[in-house]
Amino acid sequence: MYYIKKKKSDKSKKRQTSQSTLVKKLDKVFSLYVRLRDCDTNRMFRCISCGKIKPFEQADAGHFHSRRHMATRFDEDNVSAECRFCNRFSADHLIGYRENLIKKIGTQRFQLLEGKANSTKKWSCFELEQLIKYYTVLVKKLSEEKEIKI
C-alpha cells in the first residue's frame with residue numbers, strides 16, 4: 001500500500017477568530033466607549049449609582065442587567081459609567097443605578113430594556129466583528145474630541 005504525501009499549499013490559511021475572543025475584544029472596546037461617552041471634557045464623570053463626581057481613570061462600565069444577558073450586554077442604554085467601588089464592591093448599587101437610569105433614558109426605554117434582558121440573543125462572529133469596528137471608530141472620535149489619550 002502506497003501513501004501519497006500532500007503538498008503544502010503556498011496559500012496561508014487565515015484562522016477564524018473564535019467567538020469568545022471576539023466577545024472579549026468587544027467588551028474592551030465597548031467599555032472604553034461607554035466611559036468616554038459619559039465623561040466630560042475635564043476628564044470627570046458622574047457615577048450613575050452614587051452620583052459622586054470622579055476622574056476618568058476611576059470609571060468602570062457598569063451594567064444594569066448583568067453581562068450574562070447577551071441581549072443587553074452591548075446595549076448602550078444598559079451600560080453607564082460607574083465608579084469602581086459601586087461596580088465591584090457595593091451590593092446595593094443597583095438601587096441608585098435604577099433611579100438614575102430611569103432619569104437618564106426615561107420609563108419607556110427602561111421597560112423596553114427590561115423586556116430585552118429577558119430575551120435570548122446569540123451573536124454571530126460577523127455581528128461581533130462589525131460592532132468592534134463600529135465602537136473602535138467611535139472611541140477614536142471621542143478620545144480626540146475630549147482630548148483623552150487611550
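**Exercise 1. A charge and a ring**

Which residue lies over the face of tryptophan 123, and at what distance from the ring centre?

*Solution.* In this predicted model, the residue to find is lysine 121, which is placed over the face of tryptophan 123 at 4.6 Å from the ring centre. As a next step, look at the other rings around this tryptophan: Trp123 belongs to a cluster, linked by ring pairs, that also holds Phe30, Tyr33, Phe74, Tyr134 and Tyr135.

**Exercise 2. Aromatic pairs**

Find how many aromatic pairs the model has, and describe the pair formed by tyrosine 33 and tyrosine 135.

*Solution.* The count of aromatic pairs comes to nine. One of them joins tyrosine 33 to tyrosine 135, with 5.1 Å from centre to centre and 50 degrees between the planes, and this pair is tilted. The two partners come from distant parts of the chain, since tyrosine 33 sits in helix α1 and tyrosine 135 in helix α6, 102 residues apart. The next step is to ask how well each is covered: tyrosine 33 has a relative accessibility of 8% and therefore counts as buried, and tyrosine 135, at 4%, counts as buried too.

For a second case, take phenylalanine 85 and phenylalanine 89, whose ring centres are 6.2 Å apart and whose planes meet at 45 degrees, so that this pair is also tilted. Here, however, both phenylalanine 85 and phenylalanine 89 are exposed.

**Exercise 3. Helix α1**

Check the length of helix α1 against the expected span, and then work out which elements its buried residues pack against.

*Solution.* Begin with the length: helix α1 covers residues 19-38, and because each of its 20 residues is taken at 1.5 Å, the expected span is 28 Å, which agrees with the 28 Å between its end C-alpha atoms. Then turn to burial, where the buried residues of α1 include Leu22, Leu26, Phe30, Tyr33 and Leu36, and among them are also the polar or charged Asp27, Ser31 and Arg35. The buried residues of this helix pack against β3, α2, β4 and α6.

**Exercise 4. The nonpolar cores**

Which residues of the largest nonpolar core touch the most other members, and which elements give two or more residues to this core?

*Solution.* The largest nonpolar core has 29 residues, and those that touch the most other members are Leu26, Phe30, Tyr33 and Tyr135. The elements that give two or more residues to this core are α1, β3, β4 and α6, with α1 giving the most, at nine residues. To see how one member is placed, follow tyrosine 135: leaving aside its neighbours within four places in sequence, tyrosine 135 is in contact with Leu26, Val29, Phe30, Tyr33, Phe74 and Glu76. Apart from this, there is a second, separate core of seven residues, which includes Phe64, Tyr97, Leu101 and Phe110. As background, in soluble globular proteins nonpolar side chains tend to be buried together.

**Exercise 5. Strand β4**

Decide how β4 is covered on its two faces, and describe how β3 and β4 pair.

*Solution.* Start with the strand as a whole: β4 spans residues 79-83, and five of its five residues are buried. Next, separate the faces, where Val79, Ala81 and Cys83 lie on one side and Ser80 and Glu82 on the other, all of them buried. Finally, consider the partner strand: β3, residues 59-63, pairs with β4 in the antiparallel sense over five bridges, and glutamate 82 of β4 is the bridge partner of aspartate 60.

**Exercise 6. Two unusual backbone angles**

Where do arginine 43 and glutamate 147 lie, and is each of them buried, partly exposed or exposed?

*Solution.* Arginine 43 is in the loop between α1 and β1, and its phi is positive, about 65 degrees, although this residue is not a glycine. Its relative accessible area is 29%, so arginine 43 is partly exposed. Glutamate 147 lies in the segment after α6, and its phi is near 55 degrees, again a positive value in a residue other than glycine. With a relative accessible area of 68%, glutamate 147 is exposed.

Conventions. Residues numbered from 1 in each chain as written. Predicted model: local features only at pLDDT ≥ 70, side-chain atom pairs only at ≥ 80, totals over all residues. Heavy atoms only, no water. Buried < 20%, exposed > 50% of the residue type's maximum accessible area, 1.4 Å probe, protein only. Helix = DSSP H or I, 4+ residues; strand = E, 2+ residues; numbered from the N terminus. Pairing = 2+ DSSP bridges. Expected span 1.5 Å × (residues − 1). Contact = heavy atoms within 4.5 Å. Phe/Tyr/Trp six-rings, centres within 6.5 Å; stacked < 30°, edge-to-face > 60°. Lys NZ or Arg CZ within 6 Å of the ring centre and 35° of its normal. Core = buried A, V, L, I, M, F, W, Y, C linked by side-chain atoms within 4.5 Å.
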